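Q: Please take a close look at the parallel sheet in the first part of this chain and the helices packed on it. Then follow the surroundings outward to the ligand and to the other sheet and helix pairs.

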Amino acid sequence: MPQSAEKILDHKTLFREPEYQEMFADKRANFECRPSAEKVQEIADWTKSWDYREKNLARTVLTVNPAKACQPLGAVFAAAGFEGTLSFVHGSQGCVAYYRSHLSRHFKEPSSAVSSSMTEDAAVFGGLANLVDGLANAYALYDPKMIAISTTCMAEVIGDDLNSFIIQAKDKGSVPQDFPVPFAHTPAFVGSHTTGFDNMIKGILSNFWDEAERSETESINIIPGFDGYAVANNRELVRMLDLMEVPHTLICDVSDVFDTPANGEFEMYAGGTTLEDTKAALNAKATVSLQAACSKETLKYCEAKGQETVALNYPMGVAGTDRFLMKMSELSGKPIPAALELERGRLVDAMADSQSWLHGKKMAIYGDPDFVLGMTEFLLELGVEPVHCLSTNGGKPWAKQMQALLDSSPFGAGAQVWAGKDLWHLHSLLATEPADFLIGNSHGKSLERDLGIPLIRLTFPIFDRHHHHRFPTFGYQGGLRVLVTLLDKIFDEMDRDTGTPGGDISFDLTR
Ligand code: SF4
(Lines give C-alpha, C1' and ligand atoms only; values in the text may rest on other atoms or scores of the structure.)
Protein backbone atom coordinates (compact mmCIF):
# COMPACT_ATOMS: atom_id res chain seq x y z
CA MET A 1 0.00 0.00 0.00
CA PRO A 2 1.29 3.51 -0.77
CA GLN A 3 0.72 4.85 2.75
CA SER A 4 3.92 5.10 4.82
CA ALA A 5 5.01 6.65 8.10
CA GLU A 6 7.55 8.83 6.26
CA LYS A 7 4.96 10.42 4.03
CA ILE A 8 1.39 10.27 5.27
CA LEU A 9 -1.07 10.89 2.45
CA ASP A 10 -4.45 12.50 3.04
CA HIS A 11 -7.36 10.31 1.91
CA LYS A 12 -7.98 12.62 -1.04
CA THR A 13 -4.62 11.70 -2.56
CA LEU A 14 -4.24 8.25 -0.98
CA PHE A 15 -7.35 6.76 -2.54
CA ARG A 16 -6.29 7.97 -5.97
CA GLU A 17 -3.16 5.82 -5.84
CA PRO A 18 -3.21 2.91 -8.35
CA GLU A 19 -3.44 0.24 -5.63
CA TYR A 20 -6.65 1.72 -4.25
CA GLN A 21 -8.09 2.39 -7.69
CA GLU A 22 -7.52 -1.26 -8.62
CA MET A 23 -9.12 -2.41 -5.37
CA PHE A 24 -12.19 -0.23 -5.95
CA ALA A 25 -12.52 -1.50 -9.53
CA ASP A 26 -12.27 -5.10 -8.32
CA LYS A 27 -14.96 -4.55 -5.66
CA ARG A 28 -17.20 -2.93 -8.24
CA ALA A 29 -16.70 -5.73 -10.75
CA ASN A 30 -16.87 -8.73 -8.43
CA PHE A 31 -18.80 -7.88 -5.28
CA GLU A 32 -21.23 -4.98 -5.73
CA CYS A 33 -23.51 -6.58 -8.34
CA ARG A 34 -23.92 -3.17 -9.94
CA PRO A 35 -26.32 -2.50 -12.75
CA SER A 36 -24.66 -1.23 -15.91
CA ALA A 37 -23.42 2.36 -16.13
CA GLU A 38 -26.12 3.01 -18.75
CA LYS A 39 -28.86 1.78 -16.41
CA VAL A 40 -27.51 3.93 -13.55
CA GLN A 41 -27.52 6.96 -15.85
CA GLU A 42 -31.03 6.17 -17.09
CA ILE A 43 -32.39 6.09 -13.53
CA ALA A 44 -30.41 9.18 -12.54
CA ASP A 45 -31.96 11.04 -15.48
CA TRP A 46 -35.41 9.76 -14.56
CA THR A 47 -35.07 11.16 -11.01
CA LYS A 48 -34.80 14.59 -12.64
CA SER A 49 -38.03 14.24 -14.63
CA TRP A 50 -41.55 15.59 -13.99
CA ASP A 51 -42.78 11.99 -13.88
CA TYR A 52 -40.46 11.20 -10.97
CA ARG A 53 -41.25 14.53 -9.28
CA GLU A 54 -44.95 13.66 -9.13
CA LYS A 55 -44.19 10.29 -7.56
CA ASN A 56 -41.69 11.85 -5.18
CA LEU A 57 -44.07 14.59 -4.01
CA ALA A 58 -46.79 11.97 -3.47
CA ARG A 59 -44.49 10.23 -0.97
CA THR A 60 -46.02 10.39 2.53
CA VAL A 61 -44.61 7.69 4.82
CA LEU A 62 -40.91 7.97 4.09
CA THR A 63 -38.53 10.88 4.70
CA VAL A 64 -35.30 11.08 2.73
CA ASN A 65 -32.57 13.45 3.89
CA PRO A 66 -34.70 15.74 6.07
CA ALA A 67 -33.46 19.29 6.59
CA LYS A 68 -33.81 19.00 10.36
CA ALA A 69 -32.32 17.17 13.33
CA CYS A 70 -34.05 15.38 16.19
CA GLN A 71 -35.39 16.97 19.38
CA PRO A 72 -32.61 16.09 21.85
CA LEU A 73 -29.99 17.83 19.70
CA GLY A 74 -31.92 21.07 20.21
CA ALA A 75 -32.14 20.34 23.93
CA VAL A 76 -28.36 19.79 24.17
CA PHE A 77 -27.75 23.08 22.33
CA ALA A 78 -30.18 24.88 24.67
CA ALA A 79 -28.55 23.52 27.83
CA ALA A 80 -25.08 24.55 26.59
CA GLY A 81 -26.22 28.17 26.80
CA PHE A 82 -26.44 28.22 30.62
CA GLU A 83 -23.67 28.73 33.17
CA GLY A 84 -21.92 25.55 34.31
CA THR A 85 -24.56 23.32 32.75
CA LEU A 86 -23.96 19.73 31.74
CA SER A 87 -26.34 18.09 29.30
CA PHE A 88 -27.41 14.65 30.43
CA VAL A 89 -29.25 12.69 27.78
CA HIS A 90 -31.30 9.79 29.13
CA GLY A 91 -31.17 7.07 26.51
CA SER A 92 -28.66 5.56 24.17
CA GLN A 93 -25.04 6.59 23.96
CA GLY A 94 -24.81 6.62 20.17
CA CYS A 95 -27.47 9.33 19.93
CA VAL A 96 -25.44 11.57 22.24
CA ALA A 97 -22.32 10.99 20.14
CA TYR A 98 -24.36 12.24 17.19
CA TYR A 99 -25.42 15.49 18.95
CA ARG A 100 -21.91 16.17 20.19
CA SER A 101 -20.27 15.49 16.84
CA HIS A 102 -22.93 17.52 14.99
CA LEU A 103 -22.28 20.57 17.18
CA SER A 104 -18.50 20.07 17.19
CA ARG A 105 -18.30 19.69 13.42
CA HIS A 106 -20.23 22.92 12.94
CA PHE A 107 -18.62 25.10 15.62
CA LYS A 108 -15.16 23.45 15.47
CA GLU A 109 -15.24 23.33 19.27
CA PRO A 110 -15.68 20.53 21.81
CA SER A 111 -19.30 19.87 22.76
CA SER A 112 -19.90 18.23 26.12
CA ALA A 113 -22.82 15.99 26.99
CA VAL A 114 -23.19 12.75 28.92
CA SER A 115 -25.57 9.86 28.51
CA SER A 116 -27.26 7.34 30.77
CA SER A 117 -26.09 4.76 28.19
CA MET A 118 -29.21 2.63 28.18
CA THR A 119 -28.80 -0.78 26.55
CA GLU A 120 -31.01 -3.86 26.16
CA ASP A 121 -31.68 -4.46 29.86
CA ALA A 122 -32.71 -0.84 30.47
CA ALA A 123 -34.92 -0.98 27.38
CA VAL A 124 -36.78 -3.92 28.94
CA PHE A 125 -36.81 -3.00 32.63
CA GLY A 126 -36.68 0.82 32.39
CA GLY A 127 -33.78 3.22 32.73
CA LEU A 128 -34.15 4.27 36.37
CA ALA A 129 -30.94 2.57 37.54
CA ASN A 130 -28.99 4.10 34.64
CA LEU A 131 -30.26 7.56 35.48
CA VAL A 132 -29.57 7.22 39.21
CA ASP A 133 -25.98 6.04 38.62
CA GLY A 134 -25.41 8.37 35.69
CA LEU A 135 -26.47 11.47 37.63
CA ALA A 136 -24.17 10.54 40.53
CA ASN A 137 -21.23 9.96 38.17
CA ALA A 138 -21.83 13.12 36.15
CA TYR A 139 -22.10 15.23 39.31
CA ALA A 140 -18.92 13.73 40.81
CA LEU A 141 -16.80 13.71 37.66
CA TYR A 142 -17.68 16.94 35.86
CA ASP A 143 -18.52 19.32 38.71
CA PRO A 144 -21.43 21.10 36.99
CA LYS A 145 -23.64 23.82 38.52
CA MET A 146 -26.70 22.39 36.81
CA ILE A 147 -27.51 19.17 34.97
CA ALA A 148 -30.17 19.43 32.25
CA ILE A 149 -31.79 16.13 31.26
CA SER A 150 -33.38 15.33 27.93
CA THR A 151 -34.39 12.01 26.39
CA THR A 152 -33.73 9.95 23.26
CA CYS A 153 -36.24 7.83 21.36
CA MET A 154 -35.42 4.77 23.43
CA ALA A 155 -36.37 6.30 26.78
CA GLU A 156 -39.50 7.81 25.27
CA VAL A 157 -40.68 4.58 23.63
CA ILE A 158 -40.60 2.74 26.96
CA GLY A 159 -42.14 5.73 28.74
CA ASP A 160 -39.51 6.60 31.36
CA ASP A 161 -40.82 9.39 33.62
CA LEU A 162 -38.02 11.93 34.15
CA ASN A 163 -39.71 13.83 36.97
CA SER A 164 -40.21 10.70 39.02
CA PHE A 165 -36.71 9.38 38.19
CA ILE A 166 -35.04 12.66 39.23
CA ILE A 167 -36.94 12.69 42.55
CA GLN A 168 -35.84 9.11 43.18
CA ALA A 169 -32.24 9.87 42.17
CA LYS A 170 -32.14 12.81 44.60
CA ASP A 171 -33.61 10.62 47.34
CA LYS A 172 -30.83 8.10 46.69
CA GLY A 173 -28.23 10.87 46.99
CA SER A 174 -27.08 11.05 43.34
CA VAL A 175 -27.06 14.85 43.65
CA PRO A 176 -28.00 17.15 46.56
CA GLN A 177 -31.73 17.82 47.00
CA ASP A 178 -31.32 21.50 46.10
CA PHE A 179 -29.10 20.88 43.05
CA PRO A 180 -30.88 22.13 39.88
CA VAL A 181 -31.83 19.28 37.54
CA PRO A 182 -34.22 20.75 34.96
CA PHE A 183 -35.55 18.31 32.41
CA ALA A 184 -37.45 18.05 29.16
CA HIS A 185 -39.00 15.06 27.49
CA THR A 186 -37.73 15.27 23.92
CA PRO A 187 -39.26 12.42 21.89
CA ALA A 188 -37.34 12.45 18.64
CA PHE A 189 -40.14 10.92 16.60
CA VAL A 190 -42.14 14.17 16.76
CA GLY A 191 -41.00 17.73 16.10
CA SER A 192 -37.36 18.57 15.47
CA HIS A 193 -34.36 20.23 17.09
CA THR A 194 -36.35 23.48 17.29
CA THR A 195 -39.02 21.72 19.38
CA GLY A 196 -36.31 20.19 21.57
CA PHE A 197 -34.74 23.61 22.08
CA ASP A 198 -38.14 25.01 23.10
CA ASN A 199 -38.87 22.15 25.50
CA MET A 200 -35.50 22.43 27.22
CA ILE A 201 -35.68 26.22 27.60
CA LYS A 202 -39.13 25.86 29.12
CA GLY A 203 -37.80 23.08 31.38
CA ILE A 204 -34.94 25.27 32.62
CA LEU A 205 -37.15 28.31 33.22
CA SER A 206 -39.76 26.16 34.99
CA ASN A 207 -37.06 24.79 37.26
CA PHE A 208 -36.31 28.29 38.57
CA TRP A 209 -39.65 30.06 38.11
CA ASP A 210 -42.38 27.57 39.06
CA GLU A 211 -42.25 28.24 42.79
CA ALA A 212 -40.92 31.83 42.64
CA GLU A 213 -42.78 35.11 43.13
CA ARG A 214 -42.60 37.64 40.30
CA SER A 215 -41.75 41.28 40.83
CA GLU A 216 -41.61 43.17 37.53
CA THR A 217 -38.49 45.07 36.43
CA GLU A 218 -37.62 47.00 33.27
CA SER A 219 -35.46 44.17 31.90
CA ILE A 220 -36.33 42.32 28.70
CA ASN A 221 -35.58 38.66 28.03
CA ILE A 222 -34.36 37.68 24.58
CA ILE A 223 -34.54 34.06 23.38
CA PRO A 224 -32.27 33.87 20.31
CA GLY A 225 -33.39 30.32 19.50
CA PHE A 226 -31.50 27.44 17.89
CA ASP A 227 -29.02 29.23 15.66
CA GLY A 228 -25.83 27.99 14.02
CA TYR A 229 -24.58 31.58 13.94
CA ALA A 230 -25.30 32.11 17.65
CA VAL A 231 -21.63 32.73 18.47
CA ALA A 232 -21.58 35.97 16.50
CA ASN A 233 -25.31 36.68 16.45
CA ASN A 234 -25.64 36.69 20.24
CA ARG A 235 -22.72 39.09 20.53
CA GLU A 236 -24.27 41.29 17.87
CA LEU A 237 -27.59 41.29 19.75
CA VAL A 238 -25.86 42.30 22.98
CA ARG A 239 -23.93 45.04 21.16
CA MET A 240 -27.12 46.51 19.68
CA LEU A 241 -29.02 46.30 22.98
CA ASP A 242 -26.13 47.89 24.86
CA LEU A 243 -26.05 50.72 22.31
CA MET A 244 -29.75 51.24 23.03
CA GLU A 245 -29.13 50.92 26.79
CA VAL A 246 -31.89 48.34 27.07
CA PRO A 247 -31.52 46.14 30.18
CA HIS A 248 -31.73 42.58 28.93
CA THR A 249 -31.00 38.91 29.55
CA LEU A 250 -30.26 36.44 26.78
CA ILE A 251 -32.11 33.26 27.64
CA CYS A 252 -29.52 30.75 26.42
CA ASP A 253 -26.21 32.19 25.29
CA VAL A 254 -23.81 29.69 23.68
CA SER A 255 -21.49 32.36 22.28
CA ASP A 256 -18.60 31.56 24.64
CA VAL A 257 -18.89 27.79 25.06
CA PHE A 258 -18.74 27.32 21.28
CA ASP A 259 -15.93 29.84 20.85
CA THR A 260 -13.25 29.17 23.47
CA PRO A 261 -9.72 30.54 22.97
CA ALA A 262 -6.68 28.29 22.45
CA ASN A 263 -4.94 29.15 25.74
CA GLY A 264 -3.98 25.69 26.88
CA GLU A 265 -7.02 25.27 29.15
CA PHE A 266 -10.10 23.20 28.36
CA GLU A 267 -13.18 25.12 29.45
CA MET A 268 -16.09 22.76 29.61
CA TYR A 269 -18.50 25.43 30.83
CA ALA A 270 -17.38 28.71 29.25
CA GLY A 271 -19.88 31.55 29.57
CA GLY A 272 -23.62 31.03 29.30
CA THR A 273 -26.56 32.78 30.93
CA THR A 274 -25.83 32.77 34.64
CA LEU A 275 -28.15 30.84 36.91
CA GLU A 276 -28.77 34.04 38.90
CA ASP A 277 -29.81 35.88 35.72
CA THR A 278 -32.00 32.93 34.72
CA LYS A 279 -33.81 33.12 38.08
CA ALA A 280 -34.13 36.91 37.85
CA ALA A 281 -35.46 36.68 34.28
CA LEU A 282 -38.87 35.83 35.79
CA ASN A 283 -39.14 39.50 36.72
CA ALA A 284 -38.60 40.79 33.18
CA LYS A 285 -41.41 42.90 31.79
CA ALA A 286 -41.32 40.99 28.48
CA THR A 287 -39.79 38.00 26.73
CA VAL A 288 -38.96 38.38 23.05
CA SER A 289 -38.25 35.31 20.93
CA LEU A 290 -36.22 35.82 17.79
CA GLN A 291 -37.39 32.50 16.34
CA ALA A 292 -41.06 31.80 16.87
CA ALA A 293 -40.69 28.10 16.00
CA CYS A 294 -38.12 27.69 18.78
CA SER A 295 -40.26 29.10 21.55
CA LYS A 296 -43.93 28.23 21.18
CA GLU A 297 -44.23 26.48 24.55
CA THR A 298 -41.74 28.77 26.30
CA LEU A 299 -43.63 31.92 25.32
CA LYS A 300 -46.90 30.40 26.53
CA TYR A 301 -45.21 29.70 29.85
CA CYS A 302 -43.76 33.24 30.06
CA GLU A 303 -47.20 34.67 29.32
CA ALA A 304 -48.77 32.54 32.01
CA LYS A 305 -46.18 33.98 34.39
CA GLY A 306 -47.42 37.50 33.59
CA GLN A 307 -44.87 38.66 31.03
CA GLU A 308 -45.63 40.33 27.73
CA THR A 309 -44.39 38.08 24.93
CA VAL A 310 -43.29 38.79 21.38
CA ALA A 311 -42.41 36.28 18.63
CA LEU A 312 -40.21 37.48 15.77
CA ASN A 313 -38.68 35.57 12.86
CA TYR A 314 -34.89 35.75 12.56
CA PRO A 315 -33.97 39.49 12.48
CA MET A 316 -32.01 39.47 9.23
CA GLY A 317 -31.84 42.26 6.65
CA VAL A 318 -33.37 45.73 6.86
CA ALA A 319 -37.03 45.12 7.71
CA GLY A 320 -36.25 42.17 10.01
CA THR A 321 -33.77 44.25 12.00
CA ASP A 322 -36.06 47.31 11.95
CA ARG A 323 -38.84 45.24 13.48
CA PHE A 324 -36.57 43.92 16.22
CA LEU A 325 -35.14 47.32 17.15
CA MET A 326 -38.50 49.10 17.00
CA LYS A 327 -40.03 46.45 19.24
CA MET A 328 -37.17 46.81 21.72
CA SER A 329 -37.62 50.58 21.62
CA GLU A 330 -41.37 50.26 22.18
CA LEU A 331 -40.94 47.83 25.10
CA SER A 332 -38.13 49.73 26.79
CA GLY A 333 -39.07 53.31 25.96
CA LYS A 334 -35.48 53.88 24.76
CA PRO A 335 -34.87 55.50 21.38
CA ILE A 336 -32.92 53.80 18.61
CA PRO A 337 -29.55 55.55 18.73
CA ALA A 338 -27.95 57.39 15.82
CA ALA A 339 -25.15 54.79 15.66
CA LEU A 340 -27.66 52.08 14.68
CA GLU A 341 -29.38 54.40 12.19
CA LEU A 342 -25.96 54.93 10.61
CA GLU A 343 -25.44 51.16 10.32
CA ARG A 344 -28.86 50.86 8.69
CA GLY A 345 -27.97 53.52 6.16
CA ARG A 346 -24.70 51.79 5.34
CA LEU A 347 -26.47 48.47 4.74
CA VAL A 348 -29.01 50.16 2.46
CA ASP A 349 -26.15 51.87 0.61
CA ALA A 350 -24.35 48.55 0.10
CA MET A 351 -27.57 46.95 -1.15
CA ALA A 352 -28.04 49.79 -3.62
CA ASP A 353 -24.40 49.48 -4.80
CA SER A 354 -24.87 45.80 -5.64
CA GLN A 355 -28.51 45.78 -6.62
CA SER A 356 -27.96 45.28 -10.33
CA TRP A 357 -26.10 42.00 -9.70
CA LEU A 358 -28.83 40.61 -7.48
CA HIS A 359 -31.94 41.83 -9.27
CA GLY A 360 -33.91 38.98 -10.78
CA LYS A 361 -31.55 36.23 -9.61
CA LYS A 362 -33.56 33.11 -8.82
CA MET A 363 -32.78 31.40 -5.54
CA ALA A 364 -34.12 28.43 -3.59
CA ILE A 365 -33.96 28.45 0.21
CA TYR A 366 -34.29 25.68 2.76
CA GLY A 367 -33.78 25.38 6.50
CA ASP A 368 -35.53 26.01 9.80
CA PRO A 369 -38.86 27.86 9.53
CA ASP A 370 -37.61 31.15 10.98
CA PHE A 371 -34.39 31.13 8.98
CA VAL A 372 -36.33 30.65 5.75
CA LEU A 373 -38.70 33.48 6.70
CA GLY A 374 -35.87 35.89 7.57
CA MET A 375 -33.71 34.92 4.62
CA THR A 376 -36.59 35.17 2.13
CA GLU A 377 -37.58 38.60 3.41
CA PHE A 378 -34.01 39.85 2.93
CA LEU A 379 -33.85 38.33 -0.57
CA LEU A 380 -37.04 40.14 -1.52
CA GLU A 381 -35.47 43.39 -0.27
CA LEU A 382 -32.51 42.68 -2.55
CA GLY A 383 -34.67 42.11 -5.62
CA VAL A 384 -33.90 38.38 -5.68
CA GLU A 385 -36.74 36.12 -6.83
CA PRO A 386 -37.23 33.10 -4.55
CA VAL A 387 -38.21 29.96 -6.45
CA HIS A 388 -38.65 27.29 -3.77
CA CYS A 389 -38.89 27.96 -0.01
CA LEU A 390 -38.70 24.67 1.87
CA SER A 391 -38.71 23.77 5.53
CA THR A 392 -38.90 20.16 6.68
CA ASN A 393 -39.89 21.31 10.17
CA GLY A 394 -42.24 24.03 8.93
CA GLY A 395 -45.97 23.34 9.19
CA LYS A 396 -49.15 24.85 7.73
CA PRO A 397 -49.04 28.08 9.82
CA TRP A 398 -45.46 28.64 8.62
CA ALA A 399 -46.51 28.05 5.00
CA LYS A 400 -49.28 30.62 5.41
CA GLN A 401 -46.88 33.15 6.89
CA MET A 402 -44.41 32.49 4.06
CA GLN A 403 -47.11 32.97 1.42
CA ALA A 404 -48.18 36.28 2.98
CA LEU A 405 -44.55 37.43 2.89
CA LEU A 406 -44.12 36.39 -0.74
CA ASP A 407 -47.41 38.07 -1.68
CA SER A 408 -46.13 41.34 -0.21
CA SER A 409 -43.49 41.75 -2.93
CA PRO A 410 -43.56 41.51 -6.73
CA PHE A 411 -40.34 39.47 -6.48
CA GLY A 412 -42.23 36.77 -4.56
CA ALA A 413 -44.73 36.07 -7.34
CA GLY A 414 -42.94 33.00 -8.73
CA ALA A 415 -42.10 31.34 -5.44
CA GLN A 416 -43.54 28.09 -4.13
CA VAL A 417 -43.66 27.19 -0.44
CA TRP A 418 -42.94 23.62 0.62
CA ALA A 419 -43.77 22.79 4.25
CA GLY A 420 -42.74 19.40 5.63
CA LYS A 421 -40.77 18.43 2.53
CA ASP A 422 -37.23 17.04 2.60
CA LEU A 423 -34.08 17.49 0.53
CA TRP A 424 -34.94 14.63 -1.82
CA HIS A 425 -38.18 16.46 -2.61
CA LEU A 426 -36.05 19.55 -3.19
CA HIS A 427 -33.92 17.53 -5.62
CA SER A 428 -37.01 16.88 -7.75
CA LEU A 429 -38.20 20.48 -7.46
CA LEU A 430 -34.86 21.94 -8.53
CA ALA A 431 -34.38 19.38 -11.30
CA THR A 432 -37.69 20.38 -12.87
CA GLU A 433 -37.89 24.07 -11.88
CA PRO A 434 -34.29 25.15 -11.34
CA ALA A 435 -32.86 28.13 -9.45
CA ASP A 436 -29.66 30.07 -10.13
CA PHE A 437 -28.49 29.49 -6.55
CA LEU A 438 -29.43 27.38 -3.57
CA ILE A 439 -29.26 28.72 0.01
CA GLY A 440 -29.01 26.24 2.86
CA ASN A 441 -26.45 24.21 4.78
CA SER A 442 -23.72 21.67 4.00
CA HIS A 443 -26.30 18.96 3.31
CA GLY A 444 -27.12 20.80 0.07
CA LYS A 445 -23.74 20.00 -1.47
CA SER A 446 -24.95 16.81 -3.12
CA LEU A 447 -27.78 18.80 -4.74
CA GLU A 448 -25.18 21.31 -5.90
CA ARG A 449 -23.05 18.61 -7.52
CA ASP A 450 -25.91 16.61 -8.98
CA LEU A 451 -27.89 19.54 -10.37
CA GLY A 452 -25.12 22.08 -10.98
CA ILE A 453 -26.80 24.72 -8.79
CA PRO A 454 -24.24 26.64 -6.69
CA LEU A 455 -24.83 26.30 -2.94
CA ILE A 456 -24.58 29.26 -0.56
CA ARG A 457 -24.09 28.06 3.01
CA LEU A 458 -25.90 30.32 5.46
CA THR A 459 -27.49 28.08 8.07
CA PHE A 460 -26.77 25.18 10.44
CA PRO A 461 -25.08 22.80 9.97
CA ILE A 462 -22.02 23.96 8.06
CA PHE A 463 -19.51 21.14 8.33
CA ASP A 464 -17.44 21.59 5.21
CA ARG A 465 -16.58 25.28 5.48
CA HIS A 466 -14.99 26.91 8.48
CA HIS A 467 -15.78 29.82 10.80
CA HIS A 468 -18.85 31.22 9.09
CA HIS A 469 -20.57 31.23 12.49
CA ARG A 470 -18.01 33.70 13.81
CA PHE A 471 -19.62 36.47 11.74
CA PRO A 472 -23.16 37.66 12.47
CA THR A 473 -26.15 37.38 10.20
CA PHE A 474 -28.48 39.28 12.59
CA GLY A 475 -28.83 43.04 12.52
CA TYR A 476 -27.63 45.54 9.93
CA GLN A 477 -24.02 44.38 10.34
CA GLY A 478 -25.16 40.80 9.83
CA GLY A 479 -27.11 41.88 6.76
CA LEU A 480 -23.86 43.18 5.27
CA ARG A 481 -22.19 39.84 5.89
CA VAL A 482 -25.08 37.94 4.24
CA LEU A 483 -25.02 40.36 1.31
CA VAL A 484 -21.28 39.82 0.79
CA THR A 485 -21.72 36.04 1.00
CA LEU A 486 -24.40 36.12 -1.72
CA LEU A 487 -22.38 38.45 -3.94
CA ASP A 488 -19.12 36.49 -3.58
CA LYS A 489 -20.86 33.36 -4.83
CA ILE A 490 -22.50 35.22 -7.71
CA PHE A 491 -19.20 36.78 -8.83
CA ASP A 492 -17.25 33.52 -8.35
CA GLU A 493 -19.77 31.77 -10.58
CA MET A 494 -19.55 34.53 -13.21
CA ASP A 495 -15.75 34.27 -13.27
CA ARG A 496 -15.91 30.48 -13.40
CA ASP A 497 -18.40 30.65 -16.25
CA THR A 498 -16.03 32.82 -18.32
CA GLY A 499 -13.67 29.85 -18.36
CA THR A 500 -16.22 27.72 -20.21
CA PRO A 501 -16.52 27.59 -24.02
CA GLY A 502 -18.51 30.57 -25.28
CA GLY A 503 -18.41 32.27 -21.89
CA ASP A 504 -14.99 33.90 -22.22
CA ILE A 505 -16.21 37.42 -22.91
CA SER A 506 -16.80 38.89 -19.45
CA PHE A 507 -13.79 38.02 -17.31
CA ASP A 508 -13.99 41.51 -15.86
CA LEU A 509 -11.60 43.09 -13.41
CA THR A 510 -14.26 45.47 -12.20
CA ARG A 511 -17.83 44.55 -11.47
S1 SF4 B 1 -33.85 10.09 16.13
FE2 SF4 B 1 -33.90 8.88 18.05
S3 SF4 B 1 -32.42 7.25 17.70
FE4 SF4 B 1 -31.97 8.84 16.19
S5 SF4 B 1 -30.43 10.15 17.16
FE6 SF4 B 1 -32.43 11.06 17.60
S7 SF4 B 1 -32.97 10.21 19.60
FE8 SF4 B 1 -31.35 8.91 18.78
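A: The sheet comes before its helices, and the other parts of the chain follow.

This is a predicted model, in which local features need pLDDT of at least 70, side-chain atom pairs count only at pLDDT 80 or more, and totals for chains, interfaces and linings use all residues. Residues are numbered from 1 along each chain as its sequence is written.

The sheet is open and consists of three strands in the order S2-S1-S3, with parallel pairing. Helices (H or I, at least four residues) and strands (E, at least two) are DSSP runs, numbered from the N terminus; two strands pair if DSSP finds at least two bridges between them. Strand S2 (113–115) and strand S3 (146–151) are at the edges, each with a single partner strand, so one side of each has no neighbour in the sheet. On average, and with direction ignored, neighbouring strands of this sheet are turned by 30 degrees against each other. Strand S1 (residues 85–90) runs parallel to S3 and is joined to S3 by six bridges. Within this pair, Val89 is opposite Ser150 in S3.

Two helices touch this sheet. Helix H8 (residues 128–142) packs on the sheet in contact with S1, S2 and S3, and its direction makes about 160 degrees with that of S1. Helix H5 (residues 71–80) also lies across S1, S2 and S3, again at about 160 degrees to S1. Axes are lines fitted to C-alpha atoms, for helices over the stretch in contact, and angles run from 0 to 180 degrees between N-to-C directions. Contact means that the C-beta atoms of two residues, placed from the backbone, lie within 7 Å.

H5 has a helix partner as well. Two packed helices are described by the angle between their axes and the distance between the axes. H5 and helix H6 (residues 93–107) pack at an angle of about 55 degrees, their axes being 10 Å apart. H5 is therefore oblique to H6; angles under 35 degrees count as roughly parallel, over 145 as roughly antiparallel, 65 to 115 as roughly perpendicular and the rest as oblique. The crossing of H5 and H6 is right-handed: a crossing is left-handed if the near helix is turned anticlockwise from the far one by less than a right angle, and right-handed if clockwise. Pro72, Leu73, Val76 and Phe77 of H5 make this contact with Cys95, Tyr99, His102 and Leu103 of H6. By class, the H5 and H6 contact has seven nonpolar, one polar and no charged residues. Here Ala, Val, Leu, Ile, Met, Phe, Trp, Tyr, Cys and Pro count as nonpolar, Asp, Glu, Lys and Arg as charged, and the others, Gly among them, as polar.

Pro72 and Cys95 also appear among the residues around the ligand, together with Cys70, Tyr98, Thr152, Cys153 and Ala188. A residue is counted here if its C-beta atom, placed from the backbone, lies within 6 Å of the molecule. This shell divides into six nonpolar, one polar and no charged residues.

The other sheet is built from four strands. It is open, has the order S5-S4-S6-S7, and is paired in parallel. Strand S5 (248–250) and strand S7 (308–311) are the edges, each with a single partner strand, so one side of each lacks a neighbour in the sheet. Its neighbouring strands are turned by 20 degrees against each other on average, direction ignored. Three bridges connect strand S4 (residues 220–223) with S5, and the two run parallel. Asn221 is opposite Thr249 in S5. Helix H14 (residues 296–304) packs on this sheet, touches S4, strand S6 (286–289) and S7, and points at about 160 degrees to the direction of S7.

Further along are two more helix pairs. Helix H16 (residues 338–358) packs with helix H21 (residues 475–497) at an angle of about 15 degrees, the axes lying 9 Å apart. H16 is therefore roughly parallel to H21, and their crossing is left-handed. Their contact comprises eleven nonpolar, three polar and two charged residues. Helix H17 (residues 369–381) and helix H18 (residues 396–407) pack at about 5 degrees with axes 10 Å apart, and are therefore roughly parallel to each other. Pro369, Leu373, Thr376 and Glu377 of H17 meet Trp398, Gln401, Met402 and Leu405 of H18.

Two backbone details remain. The peptide bond from Phe460 to Pro461 is cis, with omega near -5 degrees, and Pro461 is in the loop between strand S12 (455–457) and H21. Cys33, although not a glycine, has a positive phi of about 50 degrees.
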